Amino acid sequence: MSYDLVCLGNPLLDIQVNVDKEYLDKYNLKENDAILAEESHMPIFKEILEKKDVILVAGGAAQNTARGAQYVLPENSVVYFGSVGKDIYADKLIEANKSVGLTTAYMVHDNIATGKCAALINGLNRSLVTDLAAANHFKPSHLEKEENWKLVEGAKVFYIGGFHLTVSPDAIKLLGKHAAETGKDFIMNFSAPFIPEFFKDPLNECLPYADYIICNESEAAAYAKAHGLETQDLTEIAKHVAQSPKVNTKKPRTVIFTQGTDATLAVAYNDTTKEFNIQSFPVHALDVSKIVDTNGAGDAFAAGFTAGLVQGEDLSKSVDMGHWLAKLSIQEVGPSFPFPKQSYA
């Protein structure tokens, strides 16, 4: 069986709970941030599991995007690669993915626990603290297994979550080389400010394979700082990313910067003509009273956008599909979508 979209990322069980600012301060956490857990953060997971309002959701940014893309696309369109433990948490992930029709091709570890993410919600803000655990042990060899490489060869589009740069850049490059050689679309998401800041080298190793790059304004600023760009202008930062080295120069590179409720910026660079195409796309308006949870809004945008590319839509319509799906998602609890299933129109 073949799937049009292959996604690679870090599968996590999201443990979502409401907290106050005091709780964030206790662990020196920022209101809108995403970090890898250090030893000092580990008590968080036990503490929040004991809270009455705790919600368990199948998570991990790229897995959220894979689920969202499958929500939009026809049945059996998406397969997701990642690494989990052999435990009840992995069972919950598989069950949650099956419920929305997402196929998983996990690498399973007998002696390492499934990763988890504390999603600490404070009003409309969220702070994410991740213990990668098994997700940190994905190997390129899993992709190279005959049955898995057939899935790679059968795909039209690849989506890579930036968090996987902390795990296996070699796996990302393996997929990137295949995409470049076959002319398939390769999408990368920066995912969090700490990726361009602290994983600059693996990011720069993998970016040459990317035809589309997605990030938000905070991640763009972190990229600019890490690369010594003396500008905070998003268009200028996008231009720098767009014209950075690229393997498949037959395709222009498009950089997409989301800005919350502000318009989404898209900058494309054609290596042949040396010209930029700069566009701006307004988001779908939504009354603040209808916003339930913004956790996963960026993943939902990436899902809708990626689904558009899979369906052969142009940039404008793909971005609009991203805005539409993000609007649906923030009216739900956690990175999820309404049922009965709604269709983009």
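Let me start with the nonpolar cores of this predicted model. The largest of them has 55 residues, and those with the most contacts inside it are Phe81, Phe186, Met188 and Phe257; by a nonpolar core I understand a set of buried Ala, Val, Leu, Ile, Met, Phe, Trp, Tyr and Cys residues joined through side-chain atoms within 4.5 Å. Buried here stands for under 20% relative accessible area, exposed for over 50%, and partly exposed for what lies in between, with a 1.4 Å probe and protein chains only. A second, separate core has 41 residues, and among them are Val84, Tyr106, Phe301 and Leu309. As background, nonpolar side chains in soluble globular proteins tend to be buried together.

Two remarks on conventions before I go on. Residues are numbered from 1 along each chain as its sequence is written, and side-chain values use heavy atoms, with hydrogens and water left out. Since we are looking at a predicted model, local features need pLDDT of at least 70 and side-chain atom pairs count only at pLDDT 80 or more, while totals for chains, interfaces and linings use all residues.

To return to the core, which residues does Met188 touch, not counting residues up to four places away in sequence? They are Ile160, Leu165, Leu203, Cys206, Leu207, Ala210, Tyr212, Ile213 and Ile214, where contact means heavy atoms within 4.5 Å.

On the surface, Leu49, Leu56, Ile88 and Tyr89 make a nonpolar patch of about 350 Å². Patches are made of residues with over 30% relative accessible area and no salt bridge, with like charges joined within 9 Å and nonpolar side chains (Val, Leu, Ile, Met, Phe, Trp, Tyr) joined within 5 Å, and the areas come from the Shrake-Rupley method with a 1.4 Å probe, only the protein chains shown counting as cover for residues. Leu56 belongs to strand E4, residues 55-59, and is partly exposed, with a relative accessible area of 38%. Helices (H or I, at least four residues) and strands (E, at least two) are DSSP runs, numbered from the N terminus.

Next, the annotations. An unreviewed UniProt entry places the feature "domain: Carbohydrate kinase PfkB" at residues 23-341, and I would stress that such annotations may be inferred rather than shown by experiment. In the model, that span is 39% helix and 23% strand, and its end C-alpha atoms lie 36 Å apart. UniProt, again in an unreviewed entry, places the feature "active site" at Asp299. Is Asp299 buried or exposed? At a relative accessible area of 14%, Asp299 is buried; this residue sits in helix H12, residues 297-310, and touches Ala61, Asn64 and Thr65, leaving aside residues up to four places away in sequence.

Now to the charged pairs. The whole structure holds 13 salt bridges, a salt bridge being a side-chain nitrogen of Lys or Arg within 4 Å of a carboxyl oxygen of Asp or Glu. One of them joins the side chains of Lys156 and Asp4, at 3.9 Å from N to O. Lys156 lies in the loop between helix H6 (146-154) and strand E11 (157-161), and Asp4 in the segment before strand E1 (5-8), so this pair ties together parts that are 152 residues apart in sequence. Lys156 is partly exposed at 47% relative accessibility, and Asp4 is partly exposed at 25%.

By contrast, here are pairs within a helix. Asp25 and Lys21 meet in a salt bridge of 2.9 Å, N to O, and both lie in helix H1 (residues 21-26), four residues apart, about one turn of the helix. Lys239 forms a salt bridge with Glu236, the closest N and O atoms being 3.8 Å apart; these two are three residues apart in helix H11 (residues 234-242), so about one helical turn separates them. Salt bridges that share partners also join Asp170, Lys173 and Glu205 into one network.

Finally, the backbone geometry. Most residues other than glycine have a negative phi, and most peptide bonds are trans. Ser191, however, has a positive phi near 75°; this residue is found in the loop between strand E12 (185-189) and helix H8 (194-198) and counts as buried at 16% relative accessibility. Ala133 also has a positive phi, near 50°, and lies in the loop between E10 and helix H5 (140-144). Phe339 and Pro340 are joined by a cis peptide bond, with omega about 5°, and Pro340 is in the segment after helix H13 (315-329).
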